[in-house]
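Welcome! Please take a moment to look over the sequence and the fold before reading on.

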Amino acid sequence: MFQDLIGNADAGRLLGRLVKNGRIANALLFCGPESVGKRQFAIELARAFVCQSPVGSEACGNCSACNRAGKFEIPVPDTKNKDDFKRVFFSQHPDVGLVVPYNRNILVGAIRDLEYEANFRPYETSVRFFIIDEADKMNDAASNALLKTLEEPSPTSHLILVTSRPDALLQTVLSRCQTIRFEPVPVEAIELYLMNSLAMNGDDARLAARAAAGSIGRAIGTDVEGLRQRRSLMIEVLRSILETRDRAALLKISDVLSDVENRSVFDENMALLQTLIHDVWMLNLGAGHDRLMHPDLASEHARFAEMADERDLRSWLLEIEAVCQQAEVNVNRRIAADALFMKMSA
């Protein structure tokens, strides 16, 4: 049920009104930051229509249809099973389907299968729902295949495109969708969920919630001890720049960040460094400790703030953002980190 999902209550209320009024468009676009619950809201919307005992405009959450609608069996992508991803993955309910990427791309075969399936009448209810997760990963061929379905939609089929990068979609696709926008989940809501639902202690929940940058999915999947270790490494970056002025140490940290063990979390480490610099910047500008992402480091950050120049801190944030954008196109992370740290320490 929408009210049971964490955050984005406005989006939940809007979807509830659309269900109540029977005004669901054939194509919806759920856009907003990564891992804020967009796919779960999409599944909940489908549940509201397939539910056997709806409560007002929402699913009951208890009937067989509700339980089956959210259960998908999706294999882990590997080099041997690419063909498995050239289709719609149906949940245990035959009227709720999901298209997911194979590695970095949604395969055109999956969209063609969606087009085929969308022409069938519903099996158990009055409508069918097809969710395209990470829709921005459609290439031009997949997007053009989808247009055929969007231009001539079946009255009994609804499509929900889920994306954190709507600008990557073709304008012709965007123009045919009703957009529902999602926002980052408040830190306090994430923290409470981690403590109440996952039995996380207060310190761990606070750190995971603040590091998640409004992403409930990221917070749930956080390895808190690993996060603390990575945060300590990022603190060493600031210490080596501002306090010890040790460029050799920075190059060693760069080596660690780009090694095999840390390569997959390079972006997360850069984002973590940004939050630390942002805290130092806020203290530099005279903000209180209640404004900090890492309040437990306030005393150390206050020391850094006295050493740092406000203009440097601002430029560092922009430089890190540029590195993160470069990382999306497979640049050499070691070279990028070396160049970043040398520029920051100049």
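This report visits a strand, its partners and a helix.

## About the model

This is a predicted model, in which local features need pLDDT of at least 70, side-chain atom pairs count only at pLDDT 80 or more, and totals for chains, interfaces and linings use all residues. Residues are numbered from 1 along each chain as its sequence is written, and side-chain values use heavy atoms, leaving out hydrogens and water.

## Strand β5 and its neighbours

Let's begin with strand β5, residues 157–163 (strands are DSSP runs of E with at least two residues, helices runs of H or I with at least four, numbered from the N terminus). Seven of its seven residues are buried, so β5 is largely enclosed by the rest of the structure; buried means under 20% relative accessible area with a 1.4 Å probe, protein chains only. In a regular strand, side chains alternate between the two faces of the sheet. Here S157, L159, L161 and T163 point one way, while H158, I160 and V162 point the other.

Strands pair if DSSP finds at least two bridges between them. β5 pairs in the parallel sense with β1 (residues 27–31) over five bridges, and F30 stands opposite V162. β4 (residues 128–132) also pairs with β5 in the parallel sense over five bridges, with R128 opposite S157.

## Helix α15

Now turn to α15, residues 333–344. At 1.5 Å a residue (times one less than the number of residues), its 12 residues should span 16 Å, and the end C-alpha atoms are indeed 16 Å apart. Its buried residues include R333, L340 and M344.

Conventions
Buried means under 20% relative accessible area, exposed over 50%, partly exposed in between (1.4 Å probe, protein chains only).
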